[in-house]
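This report describes side-chain pairings in one protein model, then looks at a helix and two single residues. The sequence and structure come first.

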Amino acid sequence: MNATATLAAAPPVPARTGAGAAEIAAMIERARAAQRSLLAGGQQSLDTAAQAVAWAIMEPGRNRVLAELAVADTGLGNVPDKIRKNHRKTLGLMRDLQGVPTTGVISRDPARGLIEIARPVGVVAAITPSTNPAATPANKIINALKCGNAIIVAPSPKGHSTCARLLDYAHAQLARCGLPADLVQILPAPVNKEATAELMRQADLVVATGSQSNVRMAYQSGTPAFGVGAGNVAAIVDASADLPLAAQRIARSKMFDNATSCSSENSVVIEDAVYARMLEELSAAGGVLLDPADKARLQRAMWPDGKLSHAMTARDAATLAARAGLAAIAARQPGFLMAEEDGYGPAHPYSGEKLSPVLTVYRARDFAHACDIVARIYAYMGAGHSVGLHTATPERAESLARELPVARVIVNQSHCFATGGNFDNGLPFSLSMGCGTWGRNNFSDNLNYRHYLNITRVAHPIPERVPHLDDVLGDFFERYGR
């Protein structure tokens, strides 16, 4: 059997009359041809392709160009943090992938008579957001190529120029290695929902990050899909926490890239015993607590028609304050703004995701009440994603993991850095966090290379091992009789 025989067989897609159907079909056909070429080179070819795209974004000059273009075209975030994100997220991903076999035999278990063979999924449709128009596409492209797939990116309209520049860089690096450019393609501008939906229908796998409308469209496409849930992270600060350190961690996370990350804390829930002191520490770390009148003015600016204003997302706190008419606060150049809250749901918009350096503050009587507050927040928005915990009582983390609808509990870390993998924790580096069934997702992992693979298992016969009935039901018989 030659190497190209591992190509995932996909049934032919019938011609459709939807927007761009013929053009997308041609892109898919070119992608399949390029994929066959990639697979012919075996594991080394796959590793080289992933490394080429990693260097396309990590080379310092290109990284800066991509970061500057992203901020200029989207108006979201800031250049220094995007440079850091592009580099660290890709560096961490390459660490995770280094030496990992992703084609051919990847596991042999003689005792069970099983052999696992990695196979590609085919052509991946990658739906990516405007908040990370270089880092997220790069992450998905690298994972796809490492697993022997081709990939077509459908970026957000605002992020198209940045993603297109990334692909220009990627194509140049792939060419250096003798690999075809059609391994990595992008929908032509202007990208619209019709073209994105058509790509989803024709691809073999969809990986969707971004708006919940795109995620729902991915799940409804008829194509196998991984889509992520909404972010609205809350963090608990209990009475045992190191308050200065907790405040510094929360502030760093909240201010990073103007809170474009879905993993940035949107709320902090503080136990009553340390509430006043923690507010002081958050203020010392760069936060400004709004009084009720200023809170109301900011609310009117951020949710002018009941929906979060794009003009008030992913901007720095001074800009937000100025746009809300809070000139005195803007003049103080705050790192982030804080608003006290005690309600949840649409009538209390501060309880939801803000995608901005605005931190909602809740006061809890005790730890049990703090857990209840987080549960109420997530009943409104953010179920499945993650929760932060700042504590000197680490066993409380397991109680949160058992009780709250979350896929991750992040203990004593800056949440937006830790949730998607960091060099000081064991989570896979990713920019797409599955939220499980709580978040209407079909996975609860950090999206990683395993999601871009099919696994074929070969089963050989082994000596028969039939258990006695008492071996499997003995405890039941002992307690309840036969």
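At 38% relative accessibility, D272 is partly exposed, since buried would require under 20% and exposed over 50%. The model is a predicted one. D272 forms a salt bridge with R363, with N and O 2.7 Å apart. D272 lies in the loop between β9 (267–271) and α10 (275–284), while R363 belongs to strand β12 (residues 358–364), so the bridge ties together parts that are 91 residues apart in sequence. R363 is also partly exposed, at a relative accessible area of 46%.

**Salt bridges**

Side chains of opposite charge can pair when their charged atoms come close. Over the whole structure, 19 salt bridges are found. One of them joins D238 to R396, whose closest N and O atoms are 2.9 Å apart. D238 sits in the loop between β8 (234–237) and α9 (243–255), and R396 in helix α15 (residues 396–403), so this pair connects parts that lie 158 residues apart in sequence. The two partners fall into separate classes of exposure: D238 is buried, at 0% relative accessibility, whereas R396 is partly exposed, at 26%. Another salt bridge joins D109 and R112, at 3.8 Å from N to O. D109 has a relative accessible area of 26% and is therefore partly exposed.

The three pairs are set out here.

| Acidic residue | Basic residue | N to O distance |
|---|---|---|
| D272 | R363 | 2.7 Å |
| D238 | R396 | 2.9 Å |
| D109 | R112 | 3.8 Å |

Salt bridges can also form a network, as they do among K82, K85 and D257.

**K82 and its surroundings**

K82, a member of that network, is located in helix α4 (residues 79–97). Is K82 buried or exposed? With a relative accessible area of 3%, K82 is buried, because the limit for buried is under 20%. Its side chain makes a polar contact of 2.8 Å with the side chain of D257. Apart from neighbours within four places in sequence, the residues in contact with K82 include N63, A67, L76, T131, N132 and T260, along with D257.

**Aromatic rings**

A pair of aromatic rings is described by the distance of the centres and the angle of the planes. The structure holds seven aromatic pairs. Among them, Y344 and Y362 have ring centres 5.6 Å apart and planes at 5°, so the pair is stacked. This pair links distant parts of the chain: Y344 is in the loop between β11 (336–340) and β12, Y362 is in strand β12, and the two are 18 residues apart. Y344 is partly exposed, with a relative accessible area of 26%, while Y362 is buried, at 1%. The rings of F423 and F429 have centres 4.8 Å apart and planes at 45°, so they count as tilted. F423 is partly exposed, with a relative accessible area of 37%, and F429 is buried, at 2%.

Ring pairs also join F476, F477 and Y480 into a cluster. Over the ring of F477 sits the charged end of R482, 4.2 Å from the ring centre. R84 is placed in a similar way over the face of F417, at 4.9 Å from the ring centre.

**Helix α1**

Helix α1 (residues 21–40) has 20 residues, which at 1.5 Å a residue should span 28 Å. Its end C-alpha atoms are 29 Å apart, and this agrees with the expected span. An α-helix has 3.6 residues a turn, so residues three or four places apart point the same way. The buried residues of α1 include A21, I24, I28, A31, Q35, L38 and L39. After α1 comes G42, which has a positive phi near 70°.

**T313**

Which loop holds T313? T313 lies in the loop between α11 (292–302) and α12 (317–323). Its relative accessible area is 9%, so T313 is buried. A polar atom of the T313 side chain lies 3.0 Å from the backbone oxygen of H310. Leaving out residues up to four places away in sequence, T313 touches L76, L308, K354, L355 and S356. L76 is also among the residues in contact with K82.

Terms used
Residues numbered from 1 in each chain as written. Predicted model: local features only at pLDDT ≥ 70, side-chain atom pairs only at ≥ 80, totals over all residues. Heavy atoms only, no water. Salt bridge = Lys/Arg side-chain N within 4 Å of Asp/Glu carboxyl O. Buried < 20%, exposed > 50% of the residue type's maximum accessible area, 1.4 Å probe, protein only. Helix = DSSP H or I, 4+ residues; strand = E, 2+ residues; numbered from the N terminus. Phe/Tyr/Trp six-rings, centres within 6.5 Å; stacked < 30°, edge-to-face > 60°. Lys NZ or Arg CZ within 6 Å of the ring centre and 35° of its normal. Expected span 1.5 Å × (residues − 1). Polar contact = N/O pair within 3.5 Å; in protein donor to acceptor, adjacent residues only side chain to side chain. Contact = heavy atoms within 4.5 Å.
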